[in-house]
Amino acid sequence: MTKSIFFIMPNLGGGGGERIISILLNNLDRSVYRPHLVLLKKSDRNSFLEHLKNDVTIHYLDVKTRIMFSFPIIIYRLLKLAKTHSTDILFFGSGQINALFSPFLFLFPKNIRLVARESNLPSIYERYWIIKLLYRYSYSNYDVIIVQSNDMQNDLNQYFKIPLNKLVKINNPVDHVFISKQLEEGTANAISQKNIRLLAAGRLTPQKGFDTLIVELAKLKEVPFNLYILGDGEDKGKLEKLCQDNQLENKVHFLGNVANPYVYMRDVDGLILSSRYEGFPNVVLESIACGTPVLANNCPGGIDEIVLPSFNGEIFSFAEHDFKEKFNLFLKTDYDKNEIKQYSISKFSIQKKIAEFQSIL
């Protein structure tokens, strides 16, 4: 008999966590699981819905106000949904939402397995003191909490005292088939063939460290490069002004959100991750899946579990002021794109990671 599994998400937009949930929904073994997706709100941010298989059942809880203030109605509707569909597993996939649900898990029938997938480093990421209290005092109410990296496991255990026997590390999977299809179907991009071609991607927020990256790149007066930044966000104006102040407006190009980022990843010489912290950066995983090496800031979030120096990239540290040194080494190294792709497949393939997820469900 198959088990019904419900994934609870605020939306299924274009973020890394949402991408992983869409991969799980599409690739769980249908002889074992019947996948459902529960979205708290209808939203124009649900860009991954179009990539879901037709047999994924979608439910909307139709929350009209801010999620934090609508929790009684959310709990009621989710309880009703779980009982109506004889749910076997509830899978909560968004960190702050997971924490908000955690004090109320006792309301669900005892036979339902309660699983949380943490999406970031809450000691750094979380701003609200009440959410941090929930992490510390009720997050361990879940039967199991999936973390993506050693850094995330240590964060939850050391800062929030969640027992290690509740934490299971599973690195994010990469959908190599989907990426290959996107690369085949993708049209030509706007990247110039002149100069060294660099790429960065992510929301234009302080977390992603684009401000520090721009300042460091401005010091490389002698290097002919173009940096293309994919993504949008509240800091766009500040970052454009920073480029002007550092005479980089002709070298740094803000391309906004693009439908197919993989053609950019494939065609550049390297991707730069400048983040101040990450959960387990999907943009790095997807870059190496395209065969493109990565120059990554050694921020918390499992960078050293993905990037192998001299093989698929280099690791620098803004804090240790070695960006220029590692940047020059990165440019001089002859990376093998095929070997980088094969490493990605061998370590982060869907088949390997789905088996790990299913072993704890």
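Ser86 counts as exposed, at 53% relative accessibility; exposed means over 50% relative accessible area, buried under 20%, and partly exposed in between, with a 1.4 Å probe and protein chains only. Phi of Ser86 is near 50 degrees, a positive value in a residue other than glycine. Ser86 sits in the loop between α2 (71-84) and β4. Helices (H or I, at least four residues) and strands (E, at least two) are DSSP runs, numbered from the N terminus.

Before going further, I should describe the model. It is a predicted one, in which local features need pLDDT of at least 70 and side-chain atom pairs count only at pLDDT 80 or more, while totals for chains, interfaces and linings use all residues. Residues are numbered from 1 along each chain as its sequence is written, and side-chain values use heavy atoms, with hydrogens and water left out.

A second residue resembles the opening example in its description. Lys161 has a phi near 60 degrees, again positive in a residue other than glycine. Lys161 belongs to the loop between α6 (150-160) and β7, and is exposed, with a relative accessible area of 53%.

I turn now to the sheet. Seen in order, the 7 strands of an open sheet are β3-β2-β1-β4-β5-β6-β7, with parallel pairing; two strands pair if DSSP finds at least two bridges between them. Its edge strands, each pairing on one side only, are β3 (57-60) and β7 (167-169). From one strand to the next, the twist averages 25 degrees. Within the sheet, β1 (residues 3-9) and β2 (residues 33-39) pair in the parallel sense over 7 bridges, and Met9 stands opposite Leu39 in β2.

Which helix lies across β2, β4, β5, β6 and β7? Helix α14 (residues 350-360) does, running at about 165 degrees to β6. Such angles run from 0 to 180 degrees between N-to-C directions, and the axes are lines fitted to C-alpha atoms, for helices over the stretch in contact.

Elsewhere, strand β12 (residues 294-297) and β13 run parallel and are joined by 4 bridges. Ala296 stands opposite Ile315 in β13. From β13 (residues 313-316), Gly313 and Ile315 point one way and Glu314 and Phe316 the other way, and all are buried.

Next, the interior. The largest nonpolar core has 60 residues, and those with the most contacts inside it are Leu217, Leu227, Phe323 and Phe327. A nonpolar core is a set of buried Ala, Val, Leu, Ile, Met, Phe, Trp, Tyr and Cys residues joined through side-chain atoms within 4.5 Å. A second, separate core of 39 residues includes Leu61, Phe92, Ile97 and Leu134. Returning to Leu217, and leaving aside its neighbours within four places in sequence, its contacts (heavy atoms within 4.5 Å) are Phe225, Leu227, Leu248, Phe323 and Phe327.

Finally, the empty space. The second largest pocket is lined by 16 residues, of which Asn27, Asp175, Val177, Phe178 and Ile350 lie nearest its centre. A pocket is found on a 1 Å grid over the protein atoms alone, as an open set of points with protein on both sides within 12 Å along at least five of seven lines; lining residues have an atom within 4 Å of a point. At least two lining residues of the second largest pocket come from each of α1, α7 (176-185) and α14, and α7 gives the most, with 6 residues.

How values were computed: On a 1 Å grid over the protein atoms alone, a cavity is a set of points where a 1.4 Å probe fits but cannot get out, and a pocket is an open set with protein on both sides within 12 Å along at least five of seven lines; lining residues have an atom within 4 Å of a point.
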